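Student: I have a two-chain model on screen. Please show me how to read its core, its chains and the contact between them.

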Amino acid sequence: MIGATDESERNLEHLLISLTTASTRFRPKNSDLVDKSLQAAELYAEISADDRQSISSEVSPELRKKLQAITGFMAEEAINTKDRKWIRGAVLLQLIDDFGGDYRENLRYLALVNYAAKKIGVSMIDVVGSFMPLASNRSRGFLQDFCGRDDSLNGLASFGVKEDVVDGLSRFVPAS
Amino acid sequence: MPPPVTPNGPYIELGSKEALAAQRAYAQTFNNSQGPLVIGRLEDTAAGADMGMTRLNEPDWTINVNDAWIQGGVDAQQPFYLGSPIKIGNLRSGNPIYPTTVYFRKLQQLRAAGHYREGDLMLPPKGN
């Protein structure tokens with residue numbers, strides 16, 4: 001008999017394969033991509049610690065870029081829908097990535113999530129804290145460091161981006 | 001009395017943690033007497049550091065701190081070693097929020113300051 005986590009892991013693998021080939025070059029016109037990514041994030045939270053480690057160790061450089069991009073889109077979605085589930089999803093995507101590439105890239109996207117969380121009145125520290133049991137030692141270290149940083153280091157301006165509102169919807173754009 | 005100055009471009013609050021980190025980063029490259037400065041993707045600069053090169057390794061890292069580190073080297077007319085190959089995958093992020101990577105930004109800053117590429121090095125402008 002196949003266990004629920006085996007099935008979850010298989011579904012997650014399928015979703016991650018489809019995210020790898022998704023285009024993030026332009027901002028998505030509908031919520032399909034972020035919905036699918038949120039589903040992947042939730043599945044990641046369901047599987048066993050060994051399976052999480054296995055999934056994270058196999059993230060390709062292509063998927064890494066997609067996970068970062070979608071983290072940014074989720075932060076925008078959080079502001080536009082005022083729904084904390086996108087903040088949670090964005091942090092989970094960082095756990096999938098597991099800071100396996102260049103951590104400075106992760107910091108750039110975490111700044112967006114941090115900004116969005118503040119804007120909708122969600123505590124980033126609480127969200128990160130709630131996922132600590134799922135995080136690897138590496139992710140735990142980076143996330144705790146990020147949350148412990150001075151406010152002057154985590155703002156949008158420190159990362160060269162700003163919030164722009166177009167047709168009533170918020171989005172992040174390069175500051176210059 | 002002069003009119004109040006409106007910040008234009010990157011702005012760091014004086015005395016903030018970010019300002020102090022930027023000051024440290026600038027001083028590291030401006031006063032560098034260690035090995036050559038290395039830029040690139042993190043894993044490549046880590047390899048460079050293992051070979052005695054100097055890389056930015058600042059826990060209070062932000063893009064502004066990153067810019068300060070490059071600027072220190074530019075002002076001191078230091079060469080920069082290219083730790084990572086210059087290829088699309090290392091330069092483009094592939095999304096509209098941050099279209100380019102941190103590595104691309106460093107190269108852009110060096111080019112704007114007049115540094116030019118020779119082999120695996122970005123050299124300071126000739127005639128200085």
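Tutor: Start with the core. A nonpolar core is a set of buried Ala, Val, Leu, Ile, Met, Phe, Trp, Tyr and Cys residues joined through C-beta atoms within 7 Å. Buried means 20 or more other C-beta atoms within 10 Å of the residue's own; exposed means 12 or fewer, partly exposed is in between, and C-beta atoms are placed from the backbone. Here the largest nonpolar core has 73 residues, and A:Tyr44, A:Ile87, A:Leu112, A:Val113 and A:Ala116 touch the most other members. Helix H6 of chain A (residues 103-119) supplies the largest share of this core, nine residues.

Tutor: Some ground rules. This is a predicted model: local features need pLDDT of at least 70, side-chain atom pairs count only at pLDDT 80 or more, and totals for chains, interfaces and linings use all residues. Residues are numbered from 1 along each chain as its sequence is written, while chains are lettered from A and ligands numbered from 1 in the order in which they are written.

Student: Which residues does A:Leu112 touch, not counting residues up to four places away in sequence?

Tutor: Contact means C-beta atoms, placed from the backbone, within 7 Å. For A:Leu112 the partners are A:Gly72, A:Ala75, A:Phe172 and B:Ile97.

Student: How many helices and strands are there in chain A?

Tutor: Helices (H or I, at least four residues) and strands (E, at least two) are DSSP runs, numbered from the N terminus. Chain A has nine helices and two strands. Its order from the N terminus is α-α-α-α-α-α-α-α-α-β-β.

Student: And chain B?

Tutor: Chain B has five helices and four strands, in the pattern α-β-α-α-β-α-α-β-β.

Student: How do I judge compactness?

Tutor: Use the radius of gyration, taken over C-alpha atoms; the globule rule is 2.2 Å times the number of residues to the power 0.38. For the 176 residues of chain A, a compact globule would have a value near 16 Å, and the chain's 15 Å agrees. Of those residues, 45% are buried. In chain B, 38% of the 128 residues count as buried.

Student: How many residues does each chain give to the contact?

Tutor: Chain A gives 28 residues and chain B gives 23. On the side of chain A that touches chain B, H6(A) gives the most, with six residues. By class, that side has 12 nonpolar, six polar and 10 charged residues. Ala, Val, Leu, Ile, Met, Phe, Trp, Tyr, Cys and Pro count as nonpolar, Asp, Glu, Lys and Arg as charged, and the others, Gly among them, as polar.

Notes:
Contact = placed C-beta atoms within 7 Å.
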